[in-house]
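Please take a moment with the model below, and keep it in view while reading the paragraphs that follow.

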Amino acid sequence: MTPPLRMLLIDDNRSDRALVLRELQREFDLLEVKEITSSGELNRAIAAGSFDAVVTDFQLRWATGLDVLEMVKQRYPGCPVVMFTNTGTEEVAVEAMKLGLDDYILKEPNRYIRVPIAVRNALERRETQQRAALLEIRLQGLLNQVKIGIFRSNAEGALIEANRAFLELLGVQSLADADALNWFDLRDSYKQLMRLPPPQQQEQEVSLQKRNGNPFWALLTTTLNTVEEVSVVDGLLEDISDRKQAEVNLQQLNATLETRVQARTAELQAANRDLEEFAYSISHDLGAPLRAIQGYAQILLEDLSETLDANSAATLQRIVANVQHLNALITDLLTYSRLKRTEIHLKPVDLSSVLADVVAQLGSDPQQQQAQVHVDEPLPTVRANRLMLTQVVLNLLVNAVKFVAEGVQPQVRVWAEERVGAEEGSTVRLYVEDNGIGIASDRQQQIFSPFTRLHGEAEYPGTGVGLAIVRKGVERMGGQVGVESQPGQGSRFWVELPGVRP
Ligand code: ADP
């Protein structure tokens, strides 16, 4: 509920009071009026202070309206005071206004109506002023809380106002200190801003110095504004030293990054080479003792064939088989690591002759003789290393013949397809398709990694290195490998190599 408007009505004349009161009651629904007719009453009322506005006559027997005005404004500067009189002169009015009088009304019959309007206006003005004052306090509070320096200077570059952060940034106590420091040429900024199109604003990163001599980087934003027809420069000053330092660090880091990467790569390459050489020499050195073991086991088997019991003979057979497997593994590993180490030279290689070699090699293996290999001639020429390519194709054909279901005659088809690329020139895809057991799609990528086998040694013997050799070899010749297959439906392996333009 809104509280009533509490007023002091000061007039010696009862009928005038009644007239004013009637007008006030018409204007304000909730009204508490205290009528004052002596200085004692006035003193008590001012001491009690429970009123929101004052209406006073100028001509009183015990004082003048100016005295009343002074007394009220002294204690309550914001309290509205309206004076009405039939005796006052213009000078009195001016004097009264200077003392803070809110309105002045002549006491004439048709003017009483103006008193409540004057009171209402004065009350509203006071409320607006109070709100503005509150806003100002809040604004000042905010300006003092922000970490960004905020300032305003005149056209001559002298500071007019600034917040606390601004002074703290420069390490000074007052605007005068900041001006004395010559922290920045704001007059020059003003001239530059004058030449800019709207919004006349400028942002620059500047290196400044605090009063104690410490340097710092700041982002300075200046804007040309007009306040009450006077041009001012409004500015923001933000400490960006941390960001600047980070930028410098980054630049230094970038400058050294390239050399560090090179050094690190060289270290890694050296470590890799060491490792490869180590693996190579181990594989190489293992070969001779393995062959010896195999030889001795073989001798034992032959020499003691008469006297050996079945168990011992089977054990010796297992030794021979294991050593053979190890031997094959070492041979494959040596091939694989040689692939990575040897320098290769690419030349045009006729695929037909490579296939002829490979098929001949296959045919010399009694286990693979019943396989049927069909090559779609003629095959094109590719850019490759002949030895490497022969090894790749041999491994693919050996697998194609090997991974068939029991009792099925291996049937292999080989053909090639030329592909004309837009940018990288033409390539040749060589396909090796079999009627074998196929490969599940989720395993098709893994089988190109060394030692990945999808079957046991008893089912399909092998080392798990064959396809790794295929991939490494093809990659070294600048090509790609892949497979399309479904379990039980056969497999179609392909290698793609750069073609040779006729
Ligand atoms: P290996 O033949 O010595 O086992 P590879 O690296 O040549 O080793 O092949 C890896 C695995 O990929 C094989 O063990 C087999 O499971 C599968 N694989 C390779 N070629 C075929 C093929 N043509 N058909 C079905 N599976 C194959």
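Helices α10 and α13 cross in a left-handed sense, in a model that, as the reader should keep in mind throughout, is a predicted one. Helix α13 covers residues 466-476, and where it packs against α10 the two axes are 10 Å apart and meet at an angle of about 15°. Because angles under 35 degrees count as roughly parallel, α10 is described as roughly parallel to α13. On the α10 side the contact is made by Asp332, Thr335, Tyr336, Leu339, Lys340 and Arg341, while α13 contributes Ala468, Ile469, Lys472, Gly473 and Arg476. Sorted by class, the residues of this contact are 4 nonpolar, 2 polar and 5 charged. The spacing of such residues is easier to follow with one general point in mind: an α-helix has 3.6 residues a turn, so residues three or four places apart point the same way.

Which residues of α13 are buried? They are Gly466, Leu467, Ala468, Ile469, Val470, Gly473 and Val474. The elements that cover these buried residues include α10, together with α12 (386-402) and the two strands β16 (480-485) and β17 (491-498). Just after α13 the chain reaches glycine 478, whose phi is positive, at about 80°.

Helix α12, one of the elements covering α13, is also where threonine 390 is found. Threonine 390 has a relative accessible area of 11%, and it is therefore buried, since the cut-off for that word is under 20%. Apart from its neighbours within four places in sequence, threonine 390 is in contact with Val354, Val358 and Gln361.

Returning to α10, the reader can now follow its packing against another helix, α9, which runs over residues 241-303. The axes of α9 and α10 come within 9 Å and cross at roughly 155°. Because this angle is over 145 degrees, α9 counts as roughly antiparallel to α10. The crossing of α9 and α10 is left-handed, and the residues of their contact comprise 15 nonpolar, 8 polar and 6 charged ones.

Within α10 itself, which spans residues 310-341, lies asparagine 327. Is asparagine 327 buried or exposed? With a relative accessible area of 14%, asparagine 327 is buried, because that value falls under the 20% cut-off. When its neighbours within four places in sequence are left aside, the residues in contact with asparagine 327 are Leu290, Arg291 and Gln294. A distance of 120 Å separates the C-alpha atom of asparagine 327 from that of alanine 96, and these two residues are 231 places apart along the chain.

The last stop is aspartate 12, which sits in the loop between β1 (5-10) and α1 (14-27). Its relative accessibility is 16%, so aspartate 12 counts as buried as well. Which residues, beyond its neighbours within four places in sequence, are in contact with aspartate 12? They are Arg17, Thr37, Leu60, Arg61 and Trp62. Two of these names return when polar atoms are examined: a polar atom of the side chain of aspartate 12 lies 2.6 Å from the backbone nitrogen of arginine 61, and a polar contact of 3.0 Å joins the side chain of aspartate 12 to that of tryptophan 62.

Conventions. Residues numbered from 1 in each chain as written. Predicted model: local features only at pLDDT ≥ 70, side-chain atom pairs only at ≥ 80, totals over all residues. Heavy atoms only, no water. Helix = DSSP H or I, 4+ residues; strand = E, 2+ residues; numbered from the N terminus. Buried < 20%, exposed > 50% of the residue type's maximum accessible area, 1.4 Å probe, protein only. Contact = heavy atoms within 4.5 Å. Polar contact = N/O pair within 3.5 Å; in protein donor to acceptor, adjacent residues only side chain to side chain. Axes fitted to C-alpha atoms, helices over the stretch in contact; angles between N-to-C directions. Parallel < 35°, antiparallel > 145°, perpendicular 65-115°, else oblique. Left-handed = near helix turned anticlockwise from the far one by under 90°. Nonpolar A, V, L, I, M, F, W, Y, C, P; charged D, E, K, R; others polar.
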